[in-house]
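Thanks, everyone, for making the time. I would like to walk through one structure with you this morning, starting from a single residue and working outwards, so please have the sequence and the model open as we go.

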Amino acid sequence: MAKEKILVVDDELSVRLALRTAFIREGMEVTEASGGYEAMNTLEKEQFDLIVLDVMMSDMDGYSILQRLRGKGDMTPVLMLSGRQEDVDQVLGLGMGADDYLTKPFRLPVLIQKVKALIRRNRIYSQSHMNEISVGPFRFDLMKLECSKDGQALNFTARELLLFRFFMEHPGQVFTKEQLYHQVWNENLVDDNTIMVYIKRVRDKIEEDARNPRYLKTVRGLGYLFDAKE
């Protein structure tokens, strides 16, 4: 199996070295760019499985690079890094087409998990039919907005369908209640009880034993993770 190719774009040498070491340890192939223009030149010549992109750089900021990529139809997964903690920056990056966002300082195991999840998600899309998402025993028909498990229809309400579709689009990735509420309900004020009620409803419909979930798992102290690997 070919190694995953990662492009790391950051003007801090220490960050690039730390990421290079971590990715190589995971068996990945790493290319570095110390600024925006170098990154754009590299992307003209090579294709990557994922781009780790710093927001604040001296020659060209990460948002500009992201905008250029998406503007020319390049949908390579992008994980943005930033030293800024403000929610508005994360929303801006995600709204411009970033696939995920991580604030500095971060723990390398968390970054590695996000990178693997984004690459896996992108491969699922590439291998699936254009109008279908397929993860484990689950199939989501994007045209009919119908979901099934092992060929049997799952009778979701509209909101349950949105929530489960979001999980299917991000397999292996942990989401907090806040992230789920923002992504699925499109609101910033989080109602913990609402999230828990809908998680229970989805589990009741996809799990053999909802009290001991196999697919939609609780990650203690963090949030929820959808894992449908056979």
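Leaving aside its neighbours within four places in sequence, which residues is Ser148 in contact with? Before I answer, let me say that what you are looking at is a predicted model. With those neighbours set aside, the contacts of Ser148 are Pro137, Phe138, Arg139, Ala153 and Leu154. Ser148 itself belongs to strand 8, which covers residues 146-149, and because its relative accessible area is 16%, under the 20% cut-off, Ser148 is counted as buried.

Let me stay with strand 8 for a moment and turn to the loops that adjoin it. In the loop between strand 7, residues 138-141, and strand 8 we find Leu145, whose phi is near 55°, a positive value in a residue other than glycine. Leu145 has a relative accessibility of 46%, and therefore counts as partly exposed. In the loop between strand 8 and strand 9, the latter being residues 152-153, sits Asp150, and here too we have a residue other than glycine with a positive phi, this one near 50°. Asp150 reaches 58% relative accessibility, so it counts as exposed.

Stepping back to the protein as a whole, the secondary structure amounts to eight helices and 12 strands, and 46% of the 230 residues count as buried. If we take the contacts with a separation of 6 or more, 54% of them join residues that are 24 or more positions apart.

Now to the helices, beginning with helix 3, residues 62-71, whose buried residues are Gly62, Tyr63, Ile65, Leu66, Leu69 and Arg70. Why do these residues lie on the same side of helix 3? They do so because the arc they cover around the axis is only 160°. On the face turned away from that buried side, helix 3 carries the exposed residues Gln67 and Gly71. At the N-terminal end, helix 3 is capped by Asp61, which has a side-chain oxygen 2.9 Å from the backbone nitrogen of Tyr63, and after helix 3 comes Gly73, with a positive phi near 85°.

There is also a backbone detail further along the chain that I would ask you to look at. The peptide bond that runs from Lys104 to Pro105 is cis, its omega being near -5°, and Pro105 is placed in the loop between strand 5, residues 100-103, and helix 5, residues 108-127.

My last topic is a helix pair. Helix 6, residues 158-169, packs against helix 7, residues 177-185, at an angle of about 120°, and their axes are 10 Å apart. With that angle, helix 6 is oblique to helix 7, and the crossing in which helix 6 passes helix 7 is right-handed. On the side of helix 6, the contact is made by Arg159, Leu162, Leu163, Phe166 and Phe167, and on the side of helix 7 by Leu180, Gln183, Val184 and Trp185. Within this pair I would single out Leu162 and Val184, which are 22 residues apart in sequence, while their C-alpha atoms are 6.4 Å apart in space. Leu162, which lies in helix 6, has a relative accessible area of 45%, and so it is partly exposed.

That is where I will stop, and I am glad to go back to any of these places in the model.

Methods. Residues numbered from 1 in each chain as written. Predicted model: local features only at pLDDT ≥ 70, side-chain atom pairs only at ≥ 80, totals over all residues. Heavy atoms only, no water. Buried < 20%, exposed > 50% of the residue type's maximum accessible area, 1.4 Å probe, protein only. Helix = DSSP H or I, 4+ residues; strand = E, 2+ residues; numbered from the N terminus. Arc of directions from axis to C-beta. Polar contact = N/O pair within 3.5 Å; in protein donor to acceptor, adjacent residues only side chain to side chain. Contact = heavy atoms within 4.5 Å. Axes fitted to C-alpha atoms, helices over the stretch in contact; angles between N-to-C directions. Parallel < 35°, antiparallel > 145°, perpendicular 65-115°, else oblique. Left-handed = near helix turned anticlockwise from the far one by under 90°.
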